[in-house]
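The following paragraphs guide the reader through one protein chain, beginning with a single side chain and proceeding outward from there. The reader is invited to keep the sequence and the structure in view throughout.

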Amino acid sequence: WYVYLREAWGRLAGFLFGWSELVLIRASASGAIATVFSEYFLRSIGYDAAANGRATDYVAAAAIVGAGVLNIRGVQVGATIAGLSTIAKFGALAGIVLVSVLLGGGAGASAAHFTTGGGPVDAGLFGLALISVLWAYDGFADLSFAAGEVRDPQRTLPRAIVIGTVAIIVIYLLANAAYLYVYPVGVIAQSRLIAADTMQAIFGPIGAALVSVVVTISALGALIAVMLAAP
């Protein structure tokens, strides 16, 4: 991004964005992902993240340190873990979609959730909601950070960006549709860990524990990937 901004808008724009990445954008992204890892990790071992705020912070900080150590140990180690976690993440989300459609009826799932409970749309709140939505797609740009480490980047990077973005669009929309099928929007709005809550509604505590473990692995892989690409 720095290079593109520098070439398009001049050195000042690139310089300011580079410092923003260092002290704000990447730092806050790492903290946010580490917090998701911590909340799901605590959930998977039986702790309520909402009631253990300090524990959540400590585990998140330890995850950031651990991800840094892994990447310092070797780029290949971090890349392997990130790749394996991506497989686990897509597999788990696909599983949630399937079980929600096939078994959600026994947990109160209904297509009526898609058309009820709505209210007036506030343009400001809609824009605020899009911050998280767009962040789900943000990783495609990180590929450019690794362009110098990729074989045949002219061919590999465009394919990875297009295929990866399309895959994220599909699984993102399907997963959110599955959550909304199982729960009405009002319940979703109050849920801190919607994937775990969805599986708990269908399978009980064992379902929540299973998906919490998978999301924990996924978040750790994402944290490693962010801390690998940005520096």
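In this predicted model, Phe 37 has a relative accessible area of 12% and is therefore buried, since residues under 20% are placed in that class. Phe 37 lies in helix H2 together with Phe 41, 4 residues further along, which is about one turn of the helix. The rings of Phe 37 and Phe 41 form a stacked aromatic pair, with 5.9 Å from centre to centre and 15° between the planes. Phe 41, for its part, has a relative accessibility of 31% and so counts as partly exposed.

Phe 37 also belongs to a nonpolar core of 10 residues, whose members include Ile 33, Ala 34 and Ile 224. This core is separate from the largest nonpolar core, which comprises 16 residues. Nonpolar side chains tend to be buried together in soluble globular proteins.

In the largest core, the residues that touch the most other members are Ile 96, Tyr 179, Ala 195, Ala 196 and Val 211. Two or more residues of this core come from each of helix H4 (75-103), helix H6 (153-182), helix H8 (194-203) and helix H9 (205-229). Helix H8 makes the greatest contribution, giving 5 residues. The surroundings of Ala 196 can be examined in more detail: apart from neighbours within four places in sequence, Ala 196 is in contact with Tyr 40, Arg 43, Ala 208, Val 211 and Ser 212.

Attention may now return to aromatic rings, of which the model contains 3 pairs. One of these joins Trp 1 and Phe 17 in a tilted arrangement, with centres 5.4 Å apart and an angle of 40° between the planes. The pair links distant parts of the chain, as Trp 1 is in the segment before helix H1 (2-9) and Phe 17 is in helix H2, 16 residues apart. What is the accessibility class of each partner? Trp 1 is partly exposed because its relative accessibility is 28%, whereas Phe 17 counts as buried because its value is 17%.

Helix H2 spans residues 11-44, and Leu 22 has its place there. Is Leu 22 buried or exposed? Its relative accessibility is 56%, so Leu 22 counts as exposed, the limit for this class being over 50%. Leu 22 is one of the residues of a nonpolar patch on the surface, together with Leu 12, Phe 15, Leu 16, Trp 19, Val 23, Leu 24 and Ile 25. The accessible area of these residues together is about 840 Å².

Charged side chains also meet in the model, where the count of salt bridges is 2. Arg 26 and Glu 21 form one of them, with 3.3 Å from N to O, and both of these residues are buried. Another salt bridge connects Glu 7 with Arg 6, whose closest N and O atoms are 3.1 Å apart. Here Glu 7 is exposed because its relative accessibility is 59%, while Arg 6 is partly exposed because its relative accessible area is 30%.

A final stop is Tyr 137, in the loop between helix H5 (123-136) and H6. Leaving out residues up to four places away in sequence, Tyr 137 touches Ile 168, Ile 169 and Tyr 172. Tyr 137 and Ala 147 are 10 residues apart along the chain, and their C-alpha atoms are separated by 19 Å.

Technical notes:
Residues numbered from 1 in each chain as written. Predicted model: local features only at pLDDT ≥ 70, side-chain atom pairs only at ≥ 80, totals over all residues. Heavy atoms only, no water. Patch = residues over 30% accessible without salt bridge, like charges linked within 9 Å, V, L, I, M, F, W, Y side chains within 5 Å. Areas by Shrake-Rupley, 256 points an atom, 1.4 Å probe, with all protein chains shown as cover. Salt bridge = Lys/Arg side-chain N within 4 Å of Asp/Glu carboxyl O. Buried < 20%, exposed > 50% of the residue type's maximum accessible area, 1.4 Å probe, protein only. Core = buried A, V, L, I, M, F, W, Y, C linked by side-chain atoms within 4.5 Å. Contact = heavy atoms within 4.5 Å. Phe/Tyr/Trp six-rings, centres within 6.5 Å; stacked < 30°, edge-to-face > 60°.
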